Amino acid sequence: MKYDRTTLQRAAEEMVHRQKKANSEAEKRRSFLFAQCPEAAELDRKIASTSSRFAAILAQKDKETIQREISILQNENLHWQKQLEKILLSRNLPKDYLDVHYECPICHDTGSHNGQMCSCFETLLRQTAFRELCESSPLEVCSFSDFDLRYYPDDDGDISSRTVMKSIFDYCRCYAADFSEESPNICMYGSTGLGKTHLSLAIAAEVIQKGYGVVYGSCPNLVSRLEREKFGRSTENTEDSLLECDLLILDDLGAEFSTQFTVATVYNIINTRLLKRLPTIISTNLDMEGIQQKYTERVASRLIGEYTLLRFSGKDVRQLKNN
Ligand SMILES: [Zn+2]
């Protein structure tokens, strides 16, 4: 997955922040201990001098002297370390109390390891890209556990809205739990306030937890970002993120102002991701007829043919909650 410059920059800044934090916390622990125990400070100073003494020994000519002095130095070093450990132990402090505790033990919060990007930085990039595109979505309040089926009537037809929504809920929960690159596309449709955004965000949160790159955004917002970038008013690269992320969630399709540009853009996103076989979740208040009218037959036929259609049912949950 490619990332735009802002995402890379923010992730790199976060990495520097993590490193500084780890160092300053270690420094605080050291000052705290050394203020109470000068002996520990002295031992620490001696241990720290080992490398310069080691270099000085290596600069000598005689091989035997070098070997002898290195062995003395090693023994001394070991002795100091043990003494320091004893002091820590006597104060009920862990062995590694004075070490810098990095968030990532592999790359020490530098983001790279053996000349390659560390997996912690890849995860951070995905999270950063997601956060950037998430706008102000209340992701933390949208989980499967707080989706309340009691808001859906169970007496409004042969198959009640609650029954319909129960099966949609189960489908979405399994979808999130079993998510992979081969997961199908989903189109959630139905009138406003029936929980489409809630369930798509619940899926997003769980799929991110699994380490996949998810981009979530409302269609009007994403399309206007693309428009700004297309016409040179912004240097970010939303299009790459949309076309290449592991899971794209396009919320509120149809809410954007309809122009030739938006129609072509939506078609391009849907079609390109289908060709790349990358899963997409779309939610919309329009029905298939509305989609056909707004986005032409081409888009509607792709949704009907290539997406699992989930028709939401019930009464506006947001209104019920406010009453
Ligand atoms: Zn790392």
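The following exercises, each with a worked solution, concern the domains and helix packing of a predicted model.

Residues are numbered from 1 along each chain as its sequence is written. In this predicted model, local features need pLDDT of at least 70 and side-chain atom pairs count only at pLDDT 80 or more, while totals for chains, interfaces and linings use all residues.

**Exercise 1. Confidence and domains**

State which elements have the lowest and the highest mean pLDDT, and give the domains of the protein.

Solution. Step 1: pLDDT is the predictor's confidence in each residue, from 0 to 100. The protein averages 89, and 94% of the residues score at least 70.
Step 2: Among the elements, the lowest mean, 75, belongs to helix α11 (residues 317-322), and the highest, 97, to strand β3 (residues 185-189). Helices (H or I, at least four residues) and strands (E, at least two) are DSSP runs, numbered from the N terminus.
Step 3: Domain 1 covers 5-117 and domain 2 covers 134-322; such bounds come from an automatic or database domain assignment. Over C-alpha atoms, the centres of domain 1 and domain 2 are 50 Å apart.

**Exercise 2. Helices α2 and α3**

Determine how α2 and α3 are oriented to each other.

Solution. Step 1: Helix α2 (residues 38-58) and helix α3 (residues 63-90) pack at about 165°, and their axes are 10 Å apart. Axes are lines fitted to C-alpha atoms, for helices over the stretch in contact, and angles run from 0 to 180 degrees between N-to-C directions.
Step 2: Angles under 35 degrees count as roughly parallel, over 145 as roughly antiparallel, 65 to 115 as roughly perpendicular and the rest as oblique. Therefore α2 and α3 are roughly antiparallel to each other.
Step 3: The contact of α2 with α3 comprises 12 nonpolar, 4 polar and 5 charged residues. Here Ala, Val, Leu, Ile, Met, Phe, Trp, Tyr, Cys and Pro count as nonpolar, Asp, Glu, Lys and Arg as charged, and the others, Gly among them, as polar.

**Exercise 3. Helices α5 and α6**

Describe the packing of α5 with α6 and name the residues that meet.

Solution. Step 1: The axes of helix α5 (residues 161-177) and helix α6 (residues 196-209) come within 9 Å and cross at roughly 20°, so α5 and α6 are roughly parallel to each other.
Step 2: From α5, C172, Y175 and A176 meet L199, A202, I203, E206 and V207 of α6; residues are in contact if their C-beta atoms, placed from the backbone, lie within 7 Å.
Step 3: By class, this contact of α5 with α6 has 7 nonpolar, no polar and 1 charged residues.

Technical notes. Contact = placed C-beta atoms within 7 Å.
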